Amino acid sequence: MIRRYTLPEIGAVWIDEVRFEAMLRVEVAVARAQATRGIVPATALAAIEARAAVDVGRIAEIEQTTEHDIIAFVSQVAERVGPDGRYLHLGLTSSDVVDTGLALQLRAAGAILLRDADRLLAAIVARARAEAGTVMMGRTHSVHAEPTTFGLKLAGWAFEVDRGRRRLAAAVDEIGTGKISGPVGTYSHLEPDLEAEVLAALGLHADPVSTQIVQRDRHAALLAAIAILGGGLERFATEIRNLQHTEIGEVQEPFRAGQKGSSAMPHKRNPILSERIVGLARVLRGYAQTGLENQPLWHERDISHSGAERIILPDATILLDYVLVKMTGLIGGLVVHADRMRENVERGLGLHASSRVLIALVEDAGLPREEAYAIVQRAALTAADERRPLRDLLALDPTVARKLSLGRLDACFDEAAFLRHVPAVIARLERLVPAEVPA
């Protein structure tokens with residue numbers, strides 16, 4: 001991943017030194033288990049534990065000859081250990097070390113992503129509670145529908161992040177799966193109980209039936225979970241972009257002192273963070289697609305997945321880390337223009353009350369639904385076309401005037417009636433983040 005989108009902590013998970021250090025952890029854990037079984041002499045184990053170390057430069061130098069980075073890695077470590085280095089990689093195949101080491105890296109990256117998701121969830125819940133009573137117009141098909149609150153909108157985002165986090169947590173747990181079963185997974189040179197001991201020491205699950213590799217459905221599931229969570233962030237960012245339209249103007253991304261929006265137009269304050277999140281979410285979906293393509297490998301293994309994974313697994317985790325952190329800052333600093341939200345509600349001429357008038361004419365006045373619908377629709381279309389309040393037009397309609405009192409008609413336009421259950425929905429956030437009780 002390019003440096004622009006790589007935050008230091010997760011970037012450090014994917015450097016070559018860490019990759020080879022993860023594989024060395026596997027090699028040493030296997031040597032320890034073999035030593036307890038008398039396969040590796042105690043003196044050799046002591047030498048391995050004391051001297052084994054990774055030298056990335058030397059690995060690269062050896063690989064120029066071997067054209068095989070894992071053989072180069074084993075050769076470099078054995079070279080560092082000395083004569084007892086011959087006991088390294090005893091009975092193992094490359095994928096035992098590669099896939100198990102990769103599982104350690106993915107678990108480490110996953111822990112960062114889950115922490116990021118927790119922080120984003122807390123930020124959204126806090127804003128949802130703060131904006132619980134901030135009335136705005138709900139829109140469907142980009143057209144005014146009925147009133148809602150900005151807090152209710154944010155509450156929906158919070159639950160989507162929670163679902164995404166739970167999917168991600170399950171995938172991160174499952175991706176922590178290794179194998180020490182040798183060529184084609186038959187334990188031809190090692191015993192199953194050794195695998196169990198090694199993977200338990202590393203904190204990983206054992207693949208119950210591996211081939212020469214850990215099967216790639218787990219990796220596909222992780223990439224899918226990442227893409228789905230990224231898609232949720234894209235949805236939020238798209239909504240922010242829409243609400244920041246000049247003609248709507250209900251929210252605005254934070255715009256710090258000295259920031260510039262356009263090289264040509266000094267007045268511009270563009271939703272650049274939201275647009276960036278949208279674009280990067282598309283990249284995450286592409287990585288998920290490649291992960292799905294990596295599942296159908298030939299026979300017990302091939303390496304058609306390998307080159308792709310060296311790109312998509314680091315990049316997907318690094319990008320999701322970046323967009324989660326950016327979205328958390330965006331939510332925390334989002335400027336909410338409650339006055340503009342109120343203005344936009346009023347600009348709707350009361351058309352949002354059409355459904356309540358329809359129900360009143362059917363339930364209270366006893367009109368057939370089709371007749372009531374026709375009356376309300378006729379008045380609503382006239383109100384929209386002539387820019388006149390719907391309430392006034394309905395009050396002049398002979399049937400409405402005969403069937404509904406002015407008090408009952410006015411009650412249909414009472415905003416509180418639309419929002420009476422919002423507090424109950426906002427209270428559901430308690431399931432995600434308990435509200436702080438004042439001391």
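**Note on aromatic pairs, helix α3 and the largest pocket**

1. Trp-157 is buried, and Phe-236 is buried as well. This statement, like those that follow, concerns a predicted model.

2. The structure holds three aromatic pairs, and two of them are described here. Tyr-5 and Tyr-322 form an edge-to-face pair, with 5.0 Å from centre to centre and 65° between the planes. This pair links distant parts of the chain, since Tyr-5 belongs to the segment before α1 (8-13) while Tyr-322 sits in helix α11 (residues 306-333), 317 residues apart. Tyr-5 and Tyr-322 are both buried.

3. Trp-157 and Phe-236 also form an aromatic pair, and this one is stacked, with 4.8 Å between the centres and 15° between the planes. Because Trp-157 lies in helix α7 (residues 150-175) and Phe-236 in helix α9 (residues 217-243), the pair ties together parts of the chain that are 79 residues apart in sequence.

4. Helix α3 (residues 42-51) is worth reading residue by residue. Which residues of α3 are buried? They are Ala-44, Leu-45, Ala-47 and Ile-48, and because these four cover an arc of only 160° around the axis, they lie on the same side of α3. The general background is that an α-helix has 3.6 residues a turn, so residues three or four places apart point the same way.

5. On the other side of α3, the residues Ala-42, Thr-43 and Ala-50 are exposed. The partners of the buried residues of α3 are two other helices, for these residues pack against α2 (16-36) and α5 (69-81).

6. Two arginines should be viewed together with aromatic rings. Arg-19 lies over the face of Phe-20, at 5.1 Å from the ring centre, and Arg-356 lies over the face of Phe-418, at 5.6 Å from the ring centre.

7. The largest pocket has a volume of about 610 Å³. It is lined by 27 residues, of which Arg-19, Asp-69, Val-98, Ser-306 and Arg-310 are the closest to its centre. Arg-19 therefore deserves a second look in the model, as the residue that lies over the face of Phe-20 and that is also among those closest to the centre of the largest pocket.

8. Which elements give two or more residues to the lining of the largest pocket? They are α2, α5, α6 (94-130) and α11. Of these elements, α2 and α5 are also the helices against which the buried residues of α3 pack, while α11 is the helix that holds Tyr-322 of the edge-to-face pair.

Technical notes
Residues are numbered from 1 along each chain as its sequence is written. This is a predicted model: local features need pLDDT of at least 70, side-chain atom pairs count only at pLDDT 80 or more; totals for chains, interfaces and linings use all residues. Side-chain values use heavy atoms; hydrogens and water are left out. Buried means under 20% relative accessible area, exposed over 50%, partly exposed in between (1.4 Å probe, protein chains only). The arc is that of the directions from the helix axis to the C-beta atoms. Contact means heavy atoms within 4.5 Å. Rings of Phe, Tyr and Trp (its six-membered ring) pair if their centres lie within 6.5 Å; planes under 30 degrees apart count as stacked, over 60 as edge-to-face and the rest as tilted. A charge sits over a ring if NZ of Lys or CZ of Arg is within 6 Å of the ring centre and within 35 degrees of the ring normal. On a 1 Å grid over the protein atoms alone, a cavity is a set of points where a 1.4 Å probe fits but cannot get out, and a pocket is an open set with protein on both sides within 12 Å along at least five of seven lines; lining residues have an atom within 4 Å of a point. Grid points are joined across faces, edges and corners, and a volume is the space filled by probe spheres set on the points.
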